[in-house]
Amino acid sequence: MCGIVGYIGKKLAIPVLIEGLKRLEYRGYDSAGLAVLEDNDLFIEKTKGKVQDLENLVKSTKHSGTAGIAHTRWATHGAPNRVNAHPHTDCSGDVTVVHNGIIENHRSLKKYLEDRGHHFKSDTDTEVLAHLIEENYNGSLFETLSTALAEVEGTYGLAVISKKEPDRIFAAKKGSPLLIGKGKDEYFIASDVAAILRYTNEIIYLEDGEIAELTAKEFNVMSLDMKKVSKKVQQISWNLEMIEKDGFEHFMLKEIFEQKTSLRNTLRGRLNYDEGTARLDGLLENIEQLKNASRIIITACGTSWHSALIGEYIIEELAGIPVEVEYASEFRYRGPIINKGDIVFVISQSGETADTLGALKETKRKGGTVLGICNVVGSTIARESDAGVYIHAGPEIGVASTKAFTSQVLVLTMIALMIGRMKNLTLENGRKIVKALDDIPDLVEGILNRNSEIENIAKKLSKHNNALYLGRGYNFPVALEGALKLKEISYLHAEGYPAAEMKHGPIALIDKNMPVIVIATKDVIYEKIMSNISEIRARNGTILSVVTSGDEQIKELSDIVFEVPETLTFLSPVINVIPLQLLAYHVAVIRGCNVDQPRNLAKSVTVE
């Protein structure tokens with residue numbers, strides 16, 4: 001989950017590298033470093049802490065180098081400190097490396113290299129790569145990388161520079177995102193397009209098993225066995241303004257408020273009222289396969305897993321196809337049974353989540369059809385899926401996902417609608433659903449306009465150290481997501497449960513010091529959730545209920561209520577999660593937490 005940026009061209013390298021690291025800091029922020037080629041020598045600086053700490057170290061230095069690499073780290077091997085920060089060098093100091101991923105056989109490689117006389121300084125797996133390159137160097141770093149990486153087991157996004165070849169940068173990829181940016185007489189390396197958007201929107205995506213050589217004038221890509229690979233330059237539609245805070249205090253708050261736009265973008269051009277259906281062009285070639293699927297599996301991690309749970313309920317209700325939802329991290333290792341006629345959806349905001357990508361590969365290995373749902377155009381999951389749908393939510397920089405979640409739910413709803421209309425869903429019901437989908441962005445905007453109400457509620461909740469979230473049916477996953485948001489960014493202990501399960505254990509926790517957030521909008525099991533609230537009230541629990549506008553019954557039972565507009569039951573999660581996102585945000589701010597960079601977390605989990 002680290003960030004990599006590299007540059008070679010006519011500009012001074014250090015300002016470009018620092019700028020890129022700032023854009024990547026959401027991917028890792030416990031240490032940072034850079035290396036710049038200058039006068040046939042290497043200038044290296046690194047530090048524990050934020051990119052700002054690195055910038056403070058180098059801002060007074062005078063370095064004219066125009067080629068370099070840099071890294072912001074989220075620790076996997078070795079504690080976050082200056083020694084373990086990247087870049088790492090070989091014994092001679094000729095080669096320096098930055099790396100994202102995990103070298104699984106680094107212990108055996110380290111033992112082999114130590115026996116060959118190499119001396120290690122850090123506790124990282126990455127340092128092995130620098131020494132492995134040194135050990136295999138044959139006069140061509142391009143060829144040496146081919147030889148050295150053949151010995152490596154694991155994943156890597158890798159950038160390398162060397163005093164021996166000072167006019168070029170090298171990169172390699174396996175299982176960790178890496179791309180090349182093409183400018184005018186300059187090239188960039190990055191693990192995320194956000195790092196280089198200021199300079200170019202022309203991108204070349206590296207695939208697994210590819211090595212790249214960059215000069216200021218050109219790039220070459222080879223496979224690990226040194227066969228030439230032809231690469232296509234792609235134009236990306238994101239721009240710099242889309243990844244700025246735009247006057248908001250935090251990216252998370254900006255992205256919560258962007259949902260009034262991101263949801264419209266998700267729906268745009270995809271709804272057909274006359275036919276009461278949705279059109280998802282990315283799935284057209286698989287439409288009959290979807291219609292005739294005997295089972296659908298959805299696999300994801302974290303927030304995307306919560307959207308998958310909602311998708312399970314919706315697809316089963318509208319399309320009548322059995323659905324199973326799996327944690328990608330478990331799915332890939334438990335020997336999943338994939339039968340002919342099964343469809344596997346993989347969901348990932350970034351399109352780079354390591355476990356979800358692993359689940360994709362396991363499905364394909366077993367001959368299954370993989371359909372992707374992701375946000376980042378050109379991402380690995382987007383490229384490796386058989387087909388798929390982009391959610392079009394726009395860049396999401398805040399570590400705690402918000403707008404991607406709601407857009408994922410809408411995409412899953414449109415998939416269910418599309419399949420349902422090909423089967424037994426009537427035109428009348430299809431049109432009703434299309435109308436409700438079209439209304440969702442305006443309903444969300446109405447809730448966002450009441451942000452101050454939720455901020456006042458947060459002042460009360462922030463005084464507690466625990467919280468319980470309850471929901472039933474479609475809103476059980478919303479309870480899970482609300483609890484996740486609170487624990488992610490405010491460090492309060494929070495758990496989500498199906499409300500009926502409360503009396504099977506969690507009810508023991510309830511007293512006057514335990515706030516309980518109940519998603520209690522009206523649906524077919526409204527009376528049941530009201531009974532659950534009564535059980536909490538009888539035990540002096542503090543009750544915050546999210547209710548349908550005009551609901552007086554639950555209001556009488558609750559200490560605090562927040563009213564939301566009515567919509568179709570299976571769309572209520574998109575409405576109900578908005579106040580929970582804002583609640584978590586304001587609690588975190590009140591408690592003085594770093595909202596956009598919560599401790600121990602990184603945005604895109606590209607390692608296991």
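**Close-up 1. Glu362 and its salt-bridge partner Lys366 in the predicted model.** Glu362 is classed as buried because its relative accessibility is 12%, buried meaning under 20% relative accessible area, exposed over 50%, and partly exposed in between, computed with a 1.4 Å probe on protein chains only. Its side chain meets that of Lys366 in a salt bridge at 3.8 Å, N to O, where a salt bridge is a side-chain nitrogen of Lys or Arg within 4 Å of a carboxyl oxygen of Asp or Glu. Lys366 itself, with a relative accessible area of 32%, is partly exposed. This is a predicted model, in which local features need pLDDT of at least 70 and side-chain atom pairs count only at pLDDT 80 or more, while totals for chains, interfaces and linings use all residues. Residues are numbered from 1 along each chain as its sequence is written, and side-chain values use heavy atoms, with hydrogens and water left out.

**Close-up 2. Further salt bridges, including a pair within helix α16.** The structure holds 35 salt bridges, one of which joins the side chains of Arg279 and Asp281 at 2.6 Å, N to O; Arg279 is partly exposed, its relative accessible area being 47%. Lys485 and Glu488 form another, with their closest N and O atoms 3.2 Å apart. Both residues belong to helix α16 (residues 476-490), where they are 3 residues apart, about one turn of the helix; helices (H or I, at least four residues) and strands (E, at least two) are DSSP runs, numbered from the N terminus. Lys485 and Glu488 are both buried. Elsewhere, Asp41, Asp94, Lys163 and Lys164 are joined into one network by salt bridges that share partners.

**Close-up 3. An open parallel sheet and the helix packed on it.** The order of the 5 strands in this open sheet is β23-β22-β24-β25-β26, and their pairing is parallel, two strands being paired if DSSP finds at least two bridges between them. Because β23 (493-498) and β26 (560-564) stand at the edges with a single partner strand each, one side of each is left without a neighbour in the sheet. From one strand to the next, the twist averages 15 degrees; axes are lines fitted to C-alpha atoms, for helices over the stretch in contact, and angles run from 0 to 180 degrees between N-to-C directions. Helix α17 (residues 526-537) packs on the sheet and touches β22, β24 and β25 (542-548), its direction making about 170 degrees with that of β24, where contact means heavy atoms within 4.5 Å.
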